[in-house]
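Colleague: I have a chain here that I'd like to get to know before I go back to the bench. Could you walk me through it?

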Amino acid sequence: MRPPPRNRLRTRHGTATTFAALAVLTVLAAWLPVPRAAAEDGSGGSSQAWSVQPTDRSTGAAAKRLTFQLDARPGSVIHDSVRVSNLSTEPRSFQVYAADAYTTPRDGGLGYRQAGEAQHDVGAWVKMSTNALILPERRAADIPFTVTVPEDATPGTHTGGVVALDNTLHDGGTTDSGVEVSIQRAIAVRLELTVAGPLTPGLAVRGVGLVHTPDGAPFAAGRATVRYTVTNTGNTPVQGEAVITVTGLFGREIVTRTRSLPPVLPGQHTELALALGRAPPLDLLTATVTVSAAGVPATTARTHRLALSWPTLGVVAVVAALLVAALSQARRRRRTLAQEHP
């Protein structure tokens with residue numbers, strides 16, 4: 001699973017800075033100098049302004065953690081810590097919180113719930129020691145947190161993240177209706193908690209659709225796009241591949257493509273599309289999508305679509321009309337000759 005992208009969160013003016021005094025008191029003893037080389041780090045994401053990563057617990061040559069990879073039993077409590085670093089030359093104020101992760105429905109990316117949204121999974125199990133943070137320039141702070149796994153937590157992988165939201169408001173431009181938009185930026189470090197129990201990966205494909213766009217010229221090849229929905233039916237993240245095939249009348253193969261699927265979280269789905277390029281102007285098309293992954297049985301879904309090109313149909317209709325007229329004229333001539341020469 002790739003590292004999570006940097007979120008762009010829109011908020012209203014006047015977002016929480018009322019916790020400033022509390023933040024200073026909470027993290028004053030934890031301020032750490034930030035080496036200049038740290039600007040190249042940032043496991044959950046980095047920018048020129050700040051970074052977020054698990055607190056380094058490595059010793060000797062041990063590798064640094066890039067994400068939180070935790071294992072627990074229902075009812076257990078885990079203690080950990082996240083480091084937020086201010087890499088800029090001016091003080092910065094942050095909101096730090098835990099959030100549920102989700103698979104974005106349109107592109108298969110990894111997103112995180114915002115601070116004001118209800119958290120229902122691992123984002124609700126995490127309690128930060130503080131949610132407000134002010135860092136001087138070139139300083140970092142380690143923020144402890146606890147993860148309390150519910151007694152009834154379902155086995156499998158629960159994915160979320162620890163998010164640092166910069167309280168600085170940035171100009172997001174103006175909408176068409178003249179409303180000025182302010183943007184806040186956030187960086188998240190992924191947290192994957194695997195609750196003990198059987199892991200049952202599952203993947204399914206549904207909702208296959210075929211869009212045929214004809215060319216404006218008669219008999220010219222059109223374009224075909226196959227849309228489909230991939231759902232994770234198991235309890236652990238799955239990344240597989242899809243084989244998309246389009247056939248014509250009598251099973252004639254037109255095109256076959258194989259593409260890698262983005263990681264899909266348990267219980268989540270994503271809608272994907274693949275442009276297949278040239279397609280016949282007139283045909284009965286069948287689109288078949290098969291998805292599979294390691295340890296997961298392949299599943300298949302298909303759809304049918306009559307491809308029509310009105311310019312092509314127009315030419316065919318004209319030719320057919322001329323042919324019918326020519327045949328009718330020939331029959332009349334034969335009848336006339338038969339009557340003249342009985």
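Modeller: Happy to; what follows is a short round of questions and answers on this predicted model.

Colleague: Let's begin with the overall make-up. How many strands are there in the chain?

Modeller: The chain has 342 residues, and 43% of them are buried. Its secondary structure includes three helices. Alongside those helices, the number of strands is 20.

Colleague: And what share of the accessible surface belongs to carbon and sulfur atoms?

Modeller: The accessible surface of the chain comes to about 18000 Å². Of that area, the part belonging to carbon and sulfur atoms is 55%.

Colleague: Now for the inside. Which strand gives the largest share of the largest nonpolar core?

Modeller: That core has 31 residues, and Val 82, Phe 145, Val 147, Val 162, Leu 191 and Leu 193 have the most contacts inside it. Leu 191 touches, among others farther than four places away in sequence, Phe 68, Leu 70, Val 122, Phe 145 and Val 162. Another core, of 27 residues, lies apart from it and includes Tyr 228 and Val 296. The largest share of the 31-residue core is five residues, and they come from strand 13.

Colleague: I'm curious about Thr 55. Is this residue buried or exposed?

Modeller: Thr 55 sits in the loop between strand 3 (50–54) and strand 4 (68–72). Its relative accessible area is 10%. The cut-off for burial is under 20%, so Thr 55 counts as buried.

Colleague: Which side chain does the side chain of Thr 55 join in a polar contact?

Modeller: Leaving aside neighbours within four places in sequence, Thr 55 is in contact with Arg 65, Ser 81, Val 82, Arg 83 and Asp 142. Val 82 also appears among the residues with the most contacts inside the largest nonpolar core. The polar contact between side chains is 2.9 Å, and the partner of Thr 55 there is Ser 81.

Colleague: Let's turn to the open sheet of three strands. Which strands stand at its edges?

Modeller: The strand order is 14-15-18, with antiparallel pairing. An edge strand has a single partner, so one side of it is left without a neighbour in the sheet. That describes strand 14 (203–213) and strand 18 (269–279).

Colleague: Last one: which residue in strand 15 stands opposite Val 211?

Modeller: Strand 14 and strand 15 (residues 222–232) run antiparallel and are joined by nine bridges. Val 211 falls within the range of strand 14 (203–213). Across from Val 211, in strand 15, stands Thr 225.

Methods:
Residues are numbered from 1 along each chain as its sequence is written. This is a predicted model: local features need pLDDT of at least 70, side-chain atom pairs count only at pLDDT 80 or more; totals for chains, interfaces and linings use all residues. Side-chain values use heavy atoms; hydrogens and water are left out. Helices (H or I, at least four residues) and strands (E, at least two) are DSSP runs, numbered from the N terminus. Buried means under 20% relative accessible area, exposed over 50%, partly exposed in between (1.4 Å probe, protein chains only). A polar contact is a pair of N or O atoms within 3.5 Å; within protein, one must be able to donate a hydrogen and the other to accept it, and residues adjacent in sequence count only if both atoms are side-chain atoms. Contact means heavy atoms within 4.5 Å. Two strands pair if DSSP finds at least two bridges between them. Accessible areas come from the Shrake-Rupley method with a 1.4 Å probe; for residues, only the protein chains shown count as cover. A nonpolar core is a set of buried Ala, Val, Leu, Ile, Met, Phe, Trp, Tyr and Cys residues joined through side-chain atoms within 4.5 Å.
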